[in-house]
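Trainee: Could you go through this structure with me? I'd like to learn how to read it piece by piece.

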Amino acid sequence: MFGHYTSQRGLLGIISNEILWATNIKFLNDEHEFQHALDLIREIIPTANIRPGMTEHEAFTAFTESLSSRLKSLDDYTSESIFTLSFSSEIDLLSQWRGYCTDNNGYCLVFDIDAIFEKAKTKYSDVYLLDCVYEKEEKIEKLRDLLNKYWLKYSKSTDKKQQEAVLDALEKEVMLLASHYKHPSFSEEKERRIVVVMKFNDAKSMQFREGGFSLVPYINLDAPRHCLNKICIGPALNKQLTQRSLEMFLQKIYGFPVWLNNALAVSCSETPYRAW
């Protein structure tokens, strides 16, 4: 099971409109998130396990300089095309309640994320379902393997066009890694993400909402109600009243009492947290 934590307002919008928001990666709560993977690859470029003797080769210098230039472009511009929607395998997690129910009004909506992912693929042409990676050594190993793989391809390229194609493919893979590489301090979330890489033709789908310091770009992903399996109510001052009001809302939306719907369960958090 994977849950999406949200506020009271978010719950009303998601269930009423059957929509989830995928947010531009530059505007997530962790503002350095995308930068994290790019910093790692910059760190390991000089120490990648390239074949002996090749580090002084002119082609290798050109390869690393081109890659460094593309990393800057990824951070400054290309990241604007990446949108992510997050889920956690932990559906009653204290840190998430602290983030999403500062007024004791949070919920965790448990979806069939494979179904949400399949729906997203019908709307957007470049969509991925990815588990977040937290351990630094695992990240570095994957990045080194990636560098070595593409350096070998680059070194065998016979003209500029082939070299640019290799760099294009490497840039795309680095971008995808950056979209789900997270700092180890977030590891308890056990996050899985739907990642959408927006194409130019998809730009009309982008929308904006109010943010803490700026407008926040996002896109809609379809979330049909039949994909919702469970709702966990976050820590609340009056659990019984909160659950009853949610059941009344669900009855209005679905047209019958929630207890008649075996596919949708409602539970309350067991976490002893109060926001006051």
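Mentor: Let us begin with a term: a residue is called buried when its relative accessible area is under 20%, exposed when that area is over 50%, and partly exposed in between. Please also keep in mind that this is a predicted model.

Trainee: Okay, so is Met 206 buried or exposed, or something in between?

Mentor: Met 206 has a relative accessible area of 30%, so it counts as partly exposed. Its place is the loop between strand E6 (191–197) and strand E7 (207–210), and together with Phe 208 and Leu 215 it makes a nonpolar surface patch of about 300 Å².

Trainee: And which residues form the negative patch?

Mentor: The negative surface patch is formed by Glu 135, Glu 137, Glu 141 and Asp 145. Of these, Glu 135 sits in the loop between strand E5 (127–131) and helix H6 (136–155).

Trainee: Changing topic, how many residues of strand E4 are buried?

Mentor: In E4, which covers residues 106–111, 6 of the 6 residues are buried, and the strand is mostly covered. Gly 106, Cys 108 and Val 110 point one way from the strand, while Tyr 107, Leu 109 and Phe 111 point the other way, and all of them are buried.

Trainee: Which strands does E4 pair with?

Mentor: Strand E1 (residues 2–7) runs antiparallel to E4 and is joined to it by 6 bridges, and strand E9 (residues 228–233) also pairs with E4 in the antiparallel sense, over 5 bridges. You can follow this through Leu 109, which is the bridge partner of His 4 and which also has Ile 231 in E9 as a bridge partner.

Trainee: What's unusual about the phi of Glu 18?

Mentor: Glu 18 is not a glycine, and yet its phi is positive, at about 55°. This residue is in the loop between helix H1 (8–17) and strand E2 (19–24), and with a relative accessible area of 28% it is partly exposed. Lys 190, which is not a glycine either, has a positive phi of about 45°, and it lies in the loop between helix H7 (160–178) and E6.

Trainee: Back to Glu 18, which side chain does it meet in a salt bridge?

Mentor: Its partner is Arg 225, with a distance of 3.9 Å from N to O. Glu 18 lies in the loop between H1 and E2 and Arg 225 in the loop between E8 and E9, so this pair ties together parts that are 207 residues apart in sequence. Arg 225 is partly exposed, because its relative accessibility is 23%.

Trainee: How many salt bridges does the structure hold?

Mentor: It holds 17 salt bridges. One of them joins the side chains of Glu 171 and Arg 70 at 2.7 Å, N to O; since Glu 171 lies in helix H7 and Arg 70 in helix H3 (residues 58–76), the pair ties together parts that are 101 residues apart in sequence. Both of these residues are buried, and they belong to a network of salt bridges that links Arg 70, Lys 160, Glu 164, Asp 168 and Glu 171.

Trainee: And what about Glu 191, which residue does it meet?

Mentor: Its side chain meets that of Lys 182 in a salt bridge of 2.9 Å, N to O. Glu 191 counts as buried at 6% relative accessibility, and Lys 182 counts as buried at 5%.

Notes
Residues numbered from 1 in each chain as written. Predicted model: local features only at pLDDT ≥ 70, side-chain atom pairs only at ≥ 80, totals over all residues. Heavy atoms only, no water. Patch = residues over 30% accessible without salt bridge, like charges linked within 9 Å, V, L, I, M, F, W, Y side chains within 5 Å. Areas by Shrake-Rupley, 256 points an atom, 1.4 Å probe, with all protein chains shown as cover. Salt bridge = Lys/Arg side-chain N within 4 Å of Asp/Glu carboxyl O. Lys, Arg positive; Asp, Glu negative; His and termini not counted. Charge placed at Lys NZ, Arg CZ, Asp CG, Glu CD. Helix = DSSP H or I, 4+ residues; strand = E, 2+ residues; numbered from the N terminus. Buried < 20%, exposed > 50% of the residue type's maximum accessible area, 1.4 Å probe, protein only. Pairing = 2+ DSSP bridges.
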